[in-house]
Amino acid sequence: MTMRKVMLGPDAARELVQIATRCDFDIDISYNRYTVDAKSILGVLALDFSQIMTISYNGISEDLEQFLSRFAMAC
């Protein structure tokens with residue numbers, strides 16, 4: 001399982017959903033105890049964008065990796 005920490009805004013979250021729907025593996029977004037499916041636009045837009053989020057996934061997608069590298073947090 002790959003986990004990346006990111007800081008997203010509403011526009012970036014919409015872009016993430018578009019990328020995630022093209023992936024054939026599960027992608028989850030979580031912070032604190034709250035976890036949503038990254039392919040769910042309603043779930044993603046309900047997130048608190050002031051939080052650092054963890055993206056968890058088990059597949060390989062060049063588009064997803066490029067997106068996450070733009071919003072990655074140094075931890």
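What follows is a short chat about reading the sheet, a buried loop residue and a surface patch in a predicted model.

Me: Before we dig in, what counts in this predicted model?

Reply: Local features need pLDDT of at least 70 and side-chain atom pairs count only at pLDDT 80 or more, while totals for chains, interfaces and linings use all residues. Residues are numbered from 1 along each chain as its sequence is written, and side-chain values use heavy atoms, with hydrogens and water left out.

Me: In what order do the four strands form the sheet?

Reply: In general, strands of a sheet pair through backbone hydrogen bonds, either parallel or antiparallel. Strands here are DSSP runs (E, at least two residues; helices are H or I, at least four), numbered from the N terminus, and two strands pair if DSSP finds at least two bridges between them. In this model the sheet is open, ordered β1-β4-β2-β3, with antiparallel pairing. β1 (2-6) and β3 (34-37) each have a single partner strand, so one side of each is left without a neighbour in the sheet. From one strand to the next, the twist averages 25 degrees (axes are lines fitted to C-alpha atoms, for helices over the stretch in contact, and angles run from 0 to 180 degrees between N-to-C directions).

Me: Which residues of β1 stand opposite β4?

Reply: Among them, T2 faces Y57 and V6 faces M53; β1 and β4 share five bridges. On β2 (27-31), D28 stands opposite S56 of β4, and that antiparallel pairing runs over four bridges.

Me: Is β4 enclosed or open to the outside?

Reply: Check burial: buried means under 20% relative accessible area, exposed over 50%, partly exposed in between (1.4 Å probe, protein chains only). Five of the five residues of β4 are buried, so the strand is largely enclosed by the rest of the structure. M53, I55 and Y57 point one way, T54 and S56 the other. Helix α3 lies across β1, β2 and β4, at about 40 degrees to β1.

Me: And S61, buried or exposed?

Reply: Buried, at 14% relative accessible area. S61 sits in the loop between β4 (53-57) and α3 (62-71). Skipping neighbours within four places in sequence, S61 is in contact (heavy atoms within 4.5 Å) with C23 and F25.

Me: Which residues form the nonpolar surface patch?

Reply: M7, I52 and M73, with about 230 Å² of accessible area together. Patch members have over 30% relative accessible area and no salt bridge; nonpolar side chains (Val, Leu, Ile, Met, Phe, Trp, Tyr) are joined within 5 Å, like charges within 9 Å. A salt bridge puts a Lys or Arg side-chain nitrogen within 4 Å of an Asp or Glu carboxyl oxygen. Areas are Shrake-Rupley values with a 1.4 Å probe, and for residues only the protein chains shown count as cover. M73, in the segment after α3, is partly exposed at 32%.
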